[in-house]
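Student: Please take one helix of this model and look at it closely. I would like to know what surrounds it and how it fits into the rest of the assembly.

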2 protein chains.
Amino acid sequence: MHDVVSPRLGIATVCLSGTLDDKLAAVAEAGFDGVEIFENDLVVSPWSPKQVRDRCAELGLSIDLYQPFRDFEAVAPDVLAANLRRAEHKFDVMEQLGVDTMLVCSSVSPDTVDDDLAAEQLHLLASRAARRGLRIAYEALAWGRFVDTYDHSWRIVRRAGHPALGLCLDSFHVLSKGSDPAGIRVIPADKLFFLQLADAPRLRMDMLQWSRHHRLFPCQGGFDLVGFVDHVLATGYAGPLSLEVFNDVFRQANPHHTAVDAMRSLLVLRERLAVDGSPAVRERVRVPGLPPAPAAAGYTHVEVATPAAAELADTLRAMGFHRSDDTWVQGRARIRLRGTDVTSRIAAFGVDSADPAVAARRAARLLAPIRPDGTIRAPDGTAITFGEAPAPAEPGLLTGIDHISLTAPFDDVDQTALFYRSVLGLEAEPAAEFAAPFGLVRSLSASDPTGRVRIAHNVALLRRGEWAPAVPDPQHIAFTTDDAIEAASTMRANGAPLLDIPDNYYDDLDARLAPPRLDELRENSVLYDRDRHGELLHFSTRILGGRVFFEVVQRIGAYVGYGAGNSPVRMAAHRGQRERPQ
Amino acid sequence: MHDVVSPRLGIATVCLSGTLDDKLAAVAEAGFDGVEIFENDLVVSPWSPKQVRDRCAELGLSIDLYQPFRDFEAVAPDVLAANLRRAEHKFDVMEQLGVDTMLVCSSVSPDTVDDDLAAEQLHLLASRAARRGLRIAYEALAWGRFVDTYDHSWRIVRRAGHPALGLCLDSFHVLSKGSDPAGIRVIPADKLFFLQLADAPRLRMDMLQWSRHHRLFPCQGGFDLVGFVDHVLATGYAGPLSLEVFNDVFRQANPHHTAVDAMRSLLVLRERLAVDGSPAVRERVRVPGLPPAPAAAGYTHVEVATPAAAELADTLRAMGFHRSDDTWVQGRARIRLRGTDVTSRIAAFGVDSADPAVAARRAARLLAPIRPDGTIRAPDGTAITFGEAPAPAEPGLLTGIDHISLTAPFDDVDQTALFYRSVLGLEAEPAAEFAAPFGLVRSLSASDPTGRVRIAHNVALLRRGEWAPAVPDPQHIAFTTDDAIEAASTMRANGAPLLDIPDNYYDDLDARLAPPRLDELRENSVLYDRDRHGELLHFSTRILGGRVFFEVVQRIGAYVGYGAGNSPVRMAAHRGQRERPQ
């Protein structure tokens with residue numbers, strides 16, 4: 001076996017919030033090898049370039065790129081003179097910083113016109129750079145005035161033919177345009193000067209706004225970063241994998257959290273590439289010490305912290321649970337209650353893992369914070385353990401746990417979702433967005449391959465609940481049943497505090513879907529949905545202890561999803577009975 | 001003079017946050033005449049349709065429209081049968097609600113194909129409706145499958161030729177597509193069944209997402225609502241002007257605030273229409289009791305509430321102000337300080353008005369909250385008075401006030417901006433967005449026609465400052481000078497706590513703009529900007545009392561704007577001196 005050198009990992013300072021000193025500290029702490037210095041971060045800094053260089057050295061960070069230099073090429077002679085003057089000023093800065101590569105973006109100026117002139121002027125710029133031992137990485141912006149694809153930028157670089165002129169490839173600019181990245185494979189590695197990585201959700205909007213506000217770290221969005229990076233590494237490119245992500249949220253979030261999130265995204269990207277990449281690439285990108293997620297068979301238990309333990313216990317009893325030691329059991333469902341002074345929340349859950357020790361090792365390698373008691377702390381505060389489930393109890397009305405639904409601030413949901421998916425080995429399911437009575441809610445979910453560990457995250461866009469007496473950030477545990485109508489009827493008879501659904505809902509359901517057994521659904525306040533694969537019957541308890549409720553779901557056929565379309569009626573009903581007029 | 005009947009004003013329940021009872025209460029309180037009932041608001045409500053009807057009657061609200069009914073027309077026979085069944089169910093609901101008009105949106109179903117079939121099936125639907133005394137308003141969605149323009153919907157309605165079938169026009173669907181609304185003038189008024197109004201910022205993005213998330217109330221966005229409504233009213237349309245605004249913020253803001261904001265937008269729209277509309281329209285829309293904004297000659301004073309009054313007083317003295325009674329004066333600038341226990345803020349300002357009594361009457365008519373002491377309270381909390389400025393003091397280094405810069409939560413900025421513009425008679429200036437060290441900031445500003453009352457609002461997108469030790473929501477007062485370099489030099493010599501700007505800024509400025517007197521700018525920490533019309537020199541003090549600072553600006557030529565491009569360096573510097581490495 002030959003020596004394998006892992007790729008160096010970098011990040012642009014523009015990805016993070018704060019002043020340059022905040023950013024460099026966060027980048028180093030998260031374990032990156034290098035940084036791209038975003039010009040404006042330097043311009044506003046009280047540190048001289050030399051001081052920045054010293055600080056990076058002290059932190060063990062290389063400075064890999066100085067960026068961006070804009071609107072240089074294919075201009076009239078007087079503009080060229082001004083641009084070269086501007087470039088020489090920046091070369092001065094680069095020398096003081098000790099960085100050898102400058103990013104030049106394709107021009108967005110309306111004056112720019114001609115390939116030959118672009119090649120000629122970039123050749124001139126590269127010659128000036130080479131005199132000082134510097135080099136130029138030319139990048140096609142997706143909204144460049146006439147150079148807006150990577151293959152066009154490559155034609156110009158080839159035509160210019162200067163050894164100090166090469167390409168910078170940015171996954172956003174290539175993939176947002178729908179360019180075929182396979183053409184990258186034919187570019188010689190020594191002309192690929194730099195690689196910038198960004199993912200993004202698939203949005204249909206202005207390219208510039210999309211890029212400036214909505215980029216995400218790899219594996220958080222909708223782009224095929226695995227395929228893209230594979231093409232680049234297949235050329236033999238040996239430079240850094242460097243993140244350049246413009247994101248409104250990351251720009252103002254704690255940079256220490258963002259940097260860890262960024263590093264995790266690169267580990268996940270490398271893991272996927274080590275499975276799906278070309279043979280020559282796989283070995284290079286493998287993350288040492290990162291085992292695959294062991295198979296999960298479900299939940300060992302879910303723990304609710306609540307100020308209303310008696311009420312929850314009564315509810316569980318009315319739903320058919322029995323107490324065994326400190327756990328309420330029914331079929332495969334196991335619920336623990338523990339007291340707290342604040343509102344109820346899902347405080348912890350355990351995953352029934354085929355190999356708990358390996359699962360924990362994986363979590364640690366993916367930078368999951370480990371608590372002193374050995375549990376893992378998810379970004380939303382939930383504690384996670386890995387273990388082996390005891391033998392199931394006798395099933396009754398309920399057979400097990402279908403899913404748990406957690407909450408996260410909207411700003412944090414991309415990193416929270418990636419955390420759960422990567423640490424537990426889950427796959428993302430299609431997202432849903434719906435208009436709840438007090439604002440929009442986005443529902444993300446992920447599931448293990450067998451559907452035994454399903455986790456939903458419901459996030460309120462913006463600042464839901466500021467004015468409204470709504471239930472803030474409700475969480476729930478959903479149990480499975482084979483007969484929702486029977487379960488609802490029996491539980492209600494046993495005194496379970498089930499939620500009443502208004503008649504208007506059933507009138508509309510009749511008009512829309514005309515479901516079977518409509519009268520029984522109405523009678524028992526059971527909600528109904530249908531998709532191409534099957535049906536869903538589900539009902540809920542009232543909110544218990546201020547925030548948590550239980551749901552019961554019956555999946556018929558291969559129904560996909562969680563009945564998100566019914567969430568607004570459930571949320572309005574949860575707001576509670578209001579006095580009726582007259 | 002003949003009797004003039006003002007148009008009735010309505011709003012769709014979907015514009016507001018809350019449950020149906022919350023919404024109806026807010027709508028009635030803001031003085032609307034009627035509502036559109038958005039179906040989902042009814043479906044999730046515990047109130048029966050009859051109860052909703054009674055509640056509206058009690059509140060003095062008419063129910064003007066039931067909406068929306070989707071994907072009806074031009075379908076296969078079996079789908080038609082299901083659609084008619086669905087419609088009859090909804091007609092039942094409408095009869096109980098006591099509403100006679102149903103909105104039918106053009107279909108987005110891929111099955112829809114043919115104009116003739118659409119006309120035929122809509123004719124059938126209208127016949128069914130007419131049997132019950134109901135009628136159908138057909139609306140072209142901007143993203144309809146094949147009917148996506150108002151003229152196309154009009155061709156179909158005309159072809160169907162049923163008296164119970166007419167058009168619903170929605171300004172968003174017409175103006176977002178860039179359709180020429182002039183063609184509306186030829187549609188007979190008796191075929192215009194309903195008019196929905198929404199403004200929106202000019203965004204280049206997916207039409208559906210734009211419509212569902214980013215609509216605004218009239219005069220808050222970039223559409224020509226005045227021209228649009230003029231075309232509609234010119235036909236003789238006598239139905240309500242009804243707002244239908246889908247907006248993520250409004251969906252979760254206090255509905256009582258939103259409803260007032262909505263009503264103000266309609267008053268402003270009517271005022272503009274009364275000036276710029278067709279002769280036949282003007283008189284109908286005029287808002288009784290709303291006088292035009294009297295001319296403003298500047299600020300009578302600006303009041304800062306501060307826990308650091310001594311520090312602010314020392315600073316004003318070092319900047320050349322003299323104390324006269326309770327006011328610090330220099331030229332036309334007049335500053336009052338008053339104590340507070342919390343951080344500094346611009347608590348109040350007075351507008352030097354040509355007719356203070358009329359200005360106050362205008363504010364009241366535009367629903368501005370009046371405090372017990374007669375001052376007006378802006379949505380951002382600032383108190384406003386109208387008065388007459390005393391004779392100016394002797395000018396020194398400073399000659400007057402250039403602008404004040406206030407802050408508002410991002411969620412509130414559209415309504416805050418409309419409040420200032422309408423109440424004070426200001427015009428919006430181009431908005432700027434820049435990347436501050438701790439997140440993006442959007443800067444909106446407005447000015448009276450002579451540039452004597454300029455007000456900027458800087459708003460942090462998302463939740464700036466949650467992690468960062470940045471200055472939260474800084475506000476400032478900007479004074480005018482004829483010589484910024486001289487002023488900075490003298491003030492600094494006098495001990496004014498001016499802000500130091502890092503060398504990197506001047507190195508970059510040299511590379512970019514090579515300004516005259518660069519060394520003096522650098523020496524005195526004076527910022528510089530240039531546009532096509534002129535130049536700006538400006539400098540700031542440090543933050544005083546936790547939040548407020550003073551700025552000094554010198555406008556050369558006809559420079560437009562406020563030097564927003566320099567804000568990041570100022571904001572980074574305001575964060576304060578940090579220890580340098582080594």
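Tutor: Ala514(A), which follows α16(A), has a positive phi, near 40°. Helices here are DSSP runs of H or I with at least four residues, strands are runs of E with at least two, and both are numbered from the N terminus. The model is predicted, so local features need pLDDT of at least 70 and side-chain atom pairs count only at pLDDT 80 or more, while totals for chains, interfaces and linings use all residues. Residues are numbered from 1 along each chain as its sequence is written, with chains lettered from A and ligands numbered from 1 in the order in which they are written.

Within α16(A), the buried residues are Asn504(A), Tyr505(A), Tyr506(A), Asp507(A), Asp508(A) and Leu509(A). Buried means that 20 or more other C-beta atoms, placed from the backbone, lie within 10 Å of the residue's own; exposed means 12 or fewer, and partly exposed is in between. The cover over these residues comes from both chains: it includes α17 (518-524), β22 (527-530) and α18 of chain A, together with α2 (39-43) and α4 (77-97) of chain B.

That leads to the contact between the chains, which takes 58 residues from chain A and 58 residues from chain B. Two residues are in contact if their C-beta atoms, placed from the backbone, lie within 7 Å. On the chain A side, the elements that each supply at least two residues include α3 (49-59), β19 (439-447), α16 (503-512) and α18 (567-574). α16(A) gives the most, with eight residues. The side of chain A that touches chain B divides into 24 nonpolar, 13 polar and 21 charged residues. Here Ala, Val, Leu, Ile, Met, Phe, Trp, Tyr, Cys and Pro count as nonpolar, Asp, Glu, Lys and Arg as charged, and the others, Gly among them, as polar.

The copies meet through the same surface, because 100% of the interface residues of chain A are also interface residues in chain B. Chain A is superposed on chain B by a rotation of 180° with 0.0 Å of shift along its axis, at an RMSD of 0.0 Å. The two copies are therefore related as by a two-fold rotation axis. The superposition is by least squares on the C-alpha atoms of residues with pLDDT of at least 70 in both copies. Of the residues of chain A, Met205(A) comes closest to the axis, with its C-alpha at 1.8 Å.
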